[in-house]
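Colleague: I should be grateful for a close look at one part of this model, namely the packing of its helices and the residues around it. Please set out the terms as you go.

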Amino acid sequence: MQTILLVEDNDMNRDMLARRLTRKGFFVVAAEDGQQGIDYAIAEQPALILMDLSLPVVDGWEATRQLKANAMTKHIPIIVLTAHAMKEDEEKAYQAGCDDYDTKPIILERLLEKMTKALAGR
């Protein structure tokens, strides 16, 4: 069973997506802010990280930059999940180091395709 780290500050979004991914056979570890996400990524070494951008403490852009700069976590694929749907936001996320980008509301089938592609590329 592959571990997925879900970094999402909205309780309802986090719980809903975690349940859906668990039903698809993933083990989900959840973080509520960017710093907690960084700490969990280092400790848990998940197969994949799903990262919101608008997070308290450390935002998702900075958390992604830190994870990609760390030798212990730079290999972990990061898919950004965000309501920021502007082209500039997507470019900024890729510049921060994310491996893929998906917008909210989450379309599970589309997200699962992106997750499968990211996990296959590890």
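Modeller: The account below begins with a helix pair and then turns to two strand residues and an aromatic pair.

This is a predicted model, in which local features need pLDDT of at least 70 and side-chain atom pairs count only at pLDDT 80 or more, while totals for chains, interfaces and linings use all residues. Residues are numbered from 1 along each chain as its sequence is written, and side-chain values use heavy atoms, with hydrogens and water left out.

Helices (H or I, at least four residues) and strands (E, at least two) are DSSP runs, numbered from the N terminus. Helix α2 spans residues 34–44 and helix α3 residues 60–69; their axes come within 9 Å and cross at roughly 20°. Axes here are lines fitted to C-alpha atoms, for helices over the stretch in contact, and angles run from 0 to 180 degrees between N-to-C directions. Helices α2 and α3 are therefore roughly parallel to each other, a label for angles under 35 degrees, with over 145 counted as roughly antiparallel, 65 to 115 as roughly perpendicular and the rest as oblique. The contact (heavy atoms within 4.5 Å) brings G34, I38 and A41 of α2 against A63, Q66 and L67 of α3. By class, this contact of α2 with α3 has 4 nonpolar, 2 polar and no charged residues; Ala, Val, Leu, Ile, Met, Phe, Trp, Tyr, Cys and Pro count as nonpolar, Asp, Glu, Lys and Arg as charged, and the others, Gly among them, as polar.

M51 lies in strand β3 (residues 48–51). Leaving aside neighbours within four places in sequence, the contacts of M51 include A63 and L67, as well as G60, T64 and V7, and also I78, I79, V80 and L81. M51 is buried, with a relative accessible area of 0%; buried means under 20% relative accessible area, exposed over 50%, and partly exposed in between (1.4 Å probe, protein chains only).

T82 is found in strand β4 (residues 78–82) and, at 0% relative accessibility, also counts as buried. Beyond four places in sequence, T82 is in contact with D52, L53, Y101, D102, T103 and K104.

A search of the whole structure finds 1 aromatic pair. Y94 and Y101 form this pair, which is tilted, at 6.4 Å centre to centre and with 35° between the planes. Rings of Phe, Tyr and Trp (its six-membered ring) pair if their centres lie within 6.5 Å; planes under 30 degrees apart count as stacked, over 60 as edge-to-face and the rest as tilted. Y94 is partly exposed at 36% relative accessibility, whereas Y101 is buried at 5%.
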